Amino acid sequence: MTGDLDTDVAVLGAGPAGGNAALGAARAGLRVALVDEQQDAGGQVWRAKGKAIRAAPETPESRAGSQLRALIAASAVDHLADTRLWQIERHGPAWRLGLLQGGEPVQLTARALVVASGAREFVQPVPGWTTPGVLGLAGATALLKRDMVVPGAATIVAGTGPLVFFTAAEIRRLGGHVQAIVTPNTRADWMRALPAMLVRPDLLARGARWMADLALSGVPIHWGHALSRVIGEDRVVGAEVHPLDSDWRPAGPVREIAADSLCLGNGLVPSIEAAQLAGCPIRHDPALGGWVPDADDEGKTPVDGLFVCGDGAGIRGAAAAAYQGSLAGQGVARFLGAQVPGIGPRHLRRYRRAAAFGRAMTALSAPRPGLSSLIDDATVLCRCEGVTSGALRQAIAAGATSANATKSGLRCGMGPCGGAYCQTAVTRQIAVSTGRSEGEVPPPTARPPLRPVPLGGLAGDIAYEDLPIPKPAPL
Amino acid sequence: MIRLIPDQSRRIRRTAEVTFWFDDAQIPAHEGEPVATALLRAGQLRLRDAPTVAEGASAARGLFCCMGACQECAVEVDGAVVEACRLEAVEGLRVRSLGRGA
Ligand SMILES: Cc1cc2nc3c(=O)[nH]c(=O)nc-3n(C[C@H](O)[C@@H](O)[C@H](O)COP(=O)(O)OP(=O)(O)OC[C@H]3O[C@@H](n4cnc5c(N)ncnc54)[C@H](O)[C@@H]3O)c2cc1C
Ligand code: FES
């Protein structure tokens, strides 16, 4: 069955950015369709509790999420939940979007498109990172917030930036045991970020409480260390950790820590594939997490009728995403000849302040070049296709010096995850091996489907023809 | 021990328990809980074996992104491959692992 929908504004992503963009455009009197694959609005940071939770104590994130969900429910926004966007095409001035709604193909036509697709995490591949029991650090926050379940009985929380401490604190709040925290950042890195953090005394106080709690409860924090190897065959039994030099290259004696679970993540990368597919030019900005779509503060791009906002436009954090969503709502309304009441220069000022805080966190979270030397030749880079670092190195030496070339040659990034979990590591290795900067090695060309679609046959073996998507209409 | 972050686990109310099958094992779950989460609580971390692995590497795979992006948690239900982290547990559900040659 193929359904057809028509709207003024289509918004991709119901997080802080997309949610607020949709609310703004609806207040301007426009028809708005808000598309998200999750059951409930809230995005990554304000994720709703799952169906199995009847009641639980509130947190600042859960309160913000409840508020956003109530506003959307009370608005005229048409929230298409549990709906994946897999294709973006232009038909004259209009956008034609291919959706999968609970597995059923639906086509949505819109006069303007706001992409608020958020971020995905970068997990530094290390030997053994495919072992069951290893969770992505940001992914673990989904388990903690949605299911209110801890990763195991004794968890190592490893990685960069503030997310390590948030995740550790959540594990403790839910009654779990944090075996150790391992972070490449040093106390001095955090001290340097302090001035930028002073604009958010609330977050600073929260962070201070996490640190004091960890200290009082005797959880060891290995500052300036990286998790360098996962121990265990079919399940995690522990990990090796290495002290790092200032470039984050392993330097010094290795130590072993026992654990049955571990969370591992090294910062966030903007999810730009939807913006790319919509034809938006991209540029490299390490301060914003890597490759970002070309856009201004209001999310306006060089492509007519295309706006991008939130972490998908550059990692500036949740608060900035919410403000930029409102600004993009105003931008898209103006583009369609309407006005959002009550959005003005005050919003822009607040957005810039929040973005300054977010950028400081992005700087702390961004991996430094030495970290990639944790990979050895046998380390799997592309989890889906089982491609090792050694195989990639050989392919690069044989001339596959672009992300598109390694994709077609080795199938790196062709598996069911669509490259979400290998692409950053692959382009970094190409840059290192060919003596170029990361900004000189662009990500591969975005291709549909943007999202994993129901797999027809065996895992890891989907053919394009198997996808339950409508054939293109004859012109 | 002094805690500045109180343990709030006792204050969480969950739905009633149901039971589903993972291959030949009976797994308890709260109704509506993602199957992958219930399996994690039951200590079943190895959800499938990957079809392509590097020489000498273990094929065992489990929950990784927890949100429907990485596809590492793929399992089989009624002949279809689905993400265990987005599959809700209901009484009597039959879930099969992939690639373990059972
Ligand atoms: C896994 C993860 C966990 C995080 N946890 C935290 C945290 O605990 N605290 C914190 O401060 N920051 C966290 N962040 C950072 C996060 O990026 C926030 O800054 C914030 O959520 C950004 O808001 P946003 O609206 O820009 O994007 P998001 O909140 O990421 O919202 C984007 C939405 O778009 C949807 N989407 C994207 N592409 C598609 C598609 N093709 N089809 C359908 N839906 C799609 C996603 O489901 C998502 O709900 C996390 C990031 C990630 C990746
Ligand atoms: S754990 Fe990644 S898709 Fe389920």
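These legends accompany four close-up views of a predicted model.

**View 1. A positive patch on the surface of chain A.** Welcome to a cluster of arginines: A:R346, A:R349, A:R350 and A:R353 together form a positive surface patch. One of them, A:R346, sits in helix α9 of chain A, which covers residues 345-365. A:R346 counts as partly exposed because its relative accessibility is 45%.

**View 2. Helix α10 of chain A and its cover.** Helix α10 spans residues 389-397, and its buried residues are A:S389, A:G390, A:L392, A:A395 and A:I396. The elements covering them include strands β21 (380-382) and β22 (387-388), along with helices α11 (403-410) and α12 (423-433), which also belong to chain A. Do look just past the end of α10, where A:G399 adopts a positive phi of about 115 degrees.

**View 3. A nonpolar patch with residues from chains A and B.** Here A:L216 joins B:I2 and B:L4 in a nonpolar surface patch of about 260 Å². B:I2 belongs to the segment that precedes β1 (13-14) of chain B. With a relative accessibility of 55%, B:I2 counts as exposed, because the cut-off is over 50%.

**View 4. Chain B on its own.** Chain B contains one helix and eight strands, arranged along the sequence as β-β-β-α-β-β-β-β-β. Along the principal axes, its C-alpha atoms fill a box of roughly 50 × 35 × 25 Å. Of the 102 residues in chain B, 53% are buried. For those who like electrostatics, chain B carries 13 positive and 14 negative charges, and the mean positions of the two sets lie 8 Å apart. The accessible surface of chain B is about 4700 Å², with 47% belonging to carbon and sulfur atoms.

Key. Residues numbered from 1 in each chain as written. Chains lettered and ligands numbered in written order. Predicted model: local features only at pLDDT ≥ 70, side-chain atom pairs only at ≥ 80, totals over all residues. Heavy atoms only, no water. Patch = residues over 30% accessible without salt bridge, like charges linked within 9 Å, V, L, I, M, F, W, Y side chains within 5 Å. Areas by Shrake-Rupley, 256 points an atom, 1.4 Å probe, with all protein chains shown as cover. Salt bridge = Lys/Arg side-chain N within 4 Å of Asp/Glu carboxyl O. Lys, Arg positive; Asp, Glu negative; His and termini not counted. Charge placed at Lys NZ, Arg CZ, Asp CG, Glu CD. Helix = DSSP H or I, 4+ residues; strand = E, 2+ residues; numbered from the N terminus. Buried < 20%, exposed > 50% of the residue type's maximum accessible area, 1.4 Å probe, protein only. Contact = heavy atoms within 4.5 Å.
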